[in-house]
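Let's take a walk through this structure together, stopping at a few spots that are easy to find in a viewer. Open it up and follow along.

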Amino acid sequence: MTDFNEQMMHHALKLARRGVGKTAPNPAVGCVIVKDGAVVGTGWHRRAGTPHAEVHALRQAGDRARGADAYVTLEPCSHFGRTPPCADALVEAGLARVVIGMVDPNPLVSGRGIARLRAAGVEVITGVLEEECRVLNEPFLKHVQTGMPFVICKSAMTMDGKIATASGDSKWITNERSRRYVHRLRSAADAVMVGIGTVEADDPQLTARIPGGKDPLRIVVDSSLRLSPEARLLRQQSSARTIVATVARDAARIGALDAAGCEVVTCRSVGGRVDLAELLALLGKRGVQSILLEGGGELAGYALRHGLIDKFVLFYAPKLLGGTGGYGPFAGESAVRMDACFRLGRVSVRRFADDVMIEAYPEGICLPD
C-alpha cells in the first residue's frame, strides 16, 4: 500500500507536469501543503520569471501553512534569481516539515535549500519518489550538469521496423492517437530537430497542433544547404523560430533563407556533414534543454553511433511492410554481432489503441562510425 508521503508526492508530481515545456530554463516543480492530513495549498511553477510552486501553494494555504507539511518535487531554491528563495518563504511561513522528492543538482542550490530549512528547525525528508521526480525533469538535470540538451529520439515504424516504403511514403504509419501524443511531445520540448531529407520527403510543419500547445524551435540539419525557402515550415504562421545548421558557405543560399526568416548556423564539418555534437553544444549554450529528434534515418543513425541520444520513444503500428525494401529508423553501419548491439534499458510500454509505444534509455555500446 502506498504510504501518505508517496501519495502526496504523487499529487505534487501531477501538478508539476502541468508546467512541463513551459518553465525552461527552470525545472517543472509541484508543491502540496498538508495540515492535519488535509491538503490546504497546491501550486506548480507555470513559467520562468513567475512565482515558483512553493509560493503559489503558500498563498493558497495562507495562515494554515504554519505547522503544516510541504511536499515538493525538487529541493526548494536558496538563492535570489528572478524570484526570491523558496526555502526562505517556507521558513517564514512556519512549515514544520518539508518532504522533498530530489536534491537539486544546480550548483546554485545543491543542498543549500535543505541546509537553510534544517538550520531554521524545519524537519526535512528527501528521496520520496526520487526516480519519478528525476524523470520529470530529465532535460533540466542534464543541461544544468553538462550544458548539453537532452535528446529524445522519436520514431514511428511498422512492426518489421520500417519508417517508410521504398518509395519514401510514410503517411500515415501510426494512428491518430499516437500522432496526437507526438504533438504533446513537441509541445513539451524546447526544440524539434530533423534532417533535410525528412523536410524534402514530408514537407512537415513541425508544430504542436494541440489545444494550448507551444510550438518548439525548429532545427533543420542541412549540411549542403538544400532547404527551399518555400518549405512549409517557413511559410506557416508560428511564433517558433527556425534554425538551419549547415557546413556550406553559399552566400546566395544563406541570403535566401535569411530572407525567409531562418537563422543559418555554420558548423564544423565532419566528413562533409554537420558536427552534431558541436551543434548540440551550441544549442545548449543558448539555453535549449530538450530536443525531440524526429529523423530521418541518416540523422538518427549518426546520433545513435555517436552516443548523442538520451532517450528513445518508438511507436510501432500493427502493419508489416514485408520484403527487403523500405527504410529503417537508423541508417548507416550496423553491428555485425549481437554482443556489439546498442543496448537499451529502463524499458516501458504504452498502448495507443492498436499502436504500441516503447520508451527506453541507452545503456550499452555505441556502434562504430
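In which loop is Asp 203 found? Look between helix 8 (196–202) and strand 8 (217–221): that is the loop that holds Asp 203. Keep in mind as you look that this is a predicted model. Asp 203 is worth a click since its phi is positive, about 50°, although the residue is not a glycine. With a relative accessible area of 28%, Asp 203 is partly exposed.

Leu 129 also has a positive phi, about 55°, and is not a glycine either. You'll find Leu 129 in the loop between strand 5 (123–126) and helix 5. Leu 129 has a relative accessibility of 10%, so it counts as buried, the cut-off being under 20%.

While we're on the backbone, there are cis peptide bonds to look at. One runs from Ala 24 to Pro 25, with omega near 10°, and Pro 25 sits in the loop between helix 1 and strand 1 (30–35). Another joins Lys 171 and Trp 172, where omega is about -10°. Trp 172 belongs to the loop between strand 6 (150–158) and helix 7.

Helix 7 brings us to the second largest pocket, which holds about 1100 Å³ of space. Its lining counts 40 residues, and those nearest the centre are Val 20, Leu 136, Tyr 181, Leu 185 and Ala 188. Helix 7 (176–188) gives the largest share of that lining, 5 residues. Other elements supplying at least two residues each include helix 5 (130–136), helix 6 (138–146) and strand 15 (344–352). Sorted by class, the lining has 19 nonpolar, 11 polar and 10 charged residues.

Stay on helix 7 for a moment and pick out Arg 186. Is this arginine buried or exposed? Arg 186 is buried, at a relative accessible area of 9%. Beyond its close sequence neighbours (those within four places), Arg 186 is in contact with Leu 206, Thr 207, Ala 208, Arg 209, Lys 214, Pro 216, Leu 292 and Glu 294.

Now for the rings. The model has 6 aromatic pairs. One of them is Phe 4 with Tyr 71, an edge-to-face pair with 6.4 Å centre to centre and 80° between the planes. Phe 4 is in helix 1 (residues 4–16) and Tyr 71 in strand 3 (residues 69–74), so this pair ties together parts 67 residues apart in sequence. Phe 4 is partly exposed at 35% relative accessibility, whereas Tyr 71 is buried at 0%.

Phe 312 and Phe 330 pair up too: their ring centres are 6.1 Å apart and their planes are at 75°, so this pair is edge-to-face. Phe 312 lies in strand 14 and Phe 330 in the loop between strand 14 and strand 15, with their positions 18 residues apart in the chain. Phe 312 is buried, with a relative accessible area of 2%, while Phe 330 is partly exposed at 29%. Ring pairs also link Tyr 181, Phe 315 and Phe 352 into a cluster, and Tyr 181 is one of the residues nearest the centre of the pocket we just visited.

Last stop: charges over rings. The charged end of Arg 18 sits over the ring of Trp 44, 4.5 Å from its centre. Arg 346 places its charged end over the ring of Tyr 361, 3.7 Å from the ring centre.

Notes. Residues are numbered from 1 along each chain as its sequence is written. This is a predicted model: local features need pLDDT of at least 70, side-chain atom pairs count only at pLDDT 80 or more; totals for chains, interfaces and linings use all residues. Side-chain values use heavy atoms; hydrogens and water are left out. On a 1 Å grid over the protein atoms alone, a cavity is a set of points where a 1.4 Å probe fits but cannot get out, and a pocket is an open set with protein on both sides within 12 Å along at least five of seven lines; lining residues have an atom within 4 Å of a point. Grid points are joined across faces, edges and corners, and a volume is the space filled by probe spheres set on the points. Helices (H or I, at least four residues) and strands (E, at least two) are DSSP runs, numbered from the N terminus. Ala, Val, Leu, Ile, Met, Phe, Trp, Tyr, Cys and Pro count as nonpolar, Asp, Glu, Lys and Arg as charged, and the others, Gly among them, as polar. Buried means under 20% relative accessible area, exposed over 50%, partly exposed in between (1.4 Å probe, protein chains only). Contact means heavy atoms within 4.5 Å. Rings of Phe, Tyr and Trp (its six-membered ring) pair if their centres lie within 6.5 Å; planes under 30 degrees apart count as stacked, over 60 as edge-to-face and the rest as tilted. A charge sits over a ring if NZ of Lys or CZ of Arg is within 6 Å of the ring centre and within 35 degrees of the ring normal.
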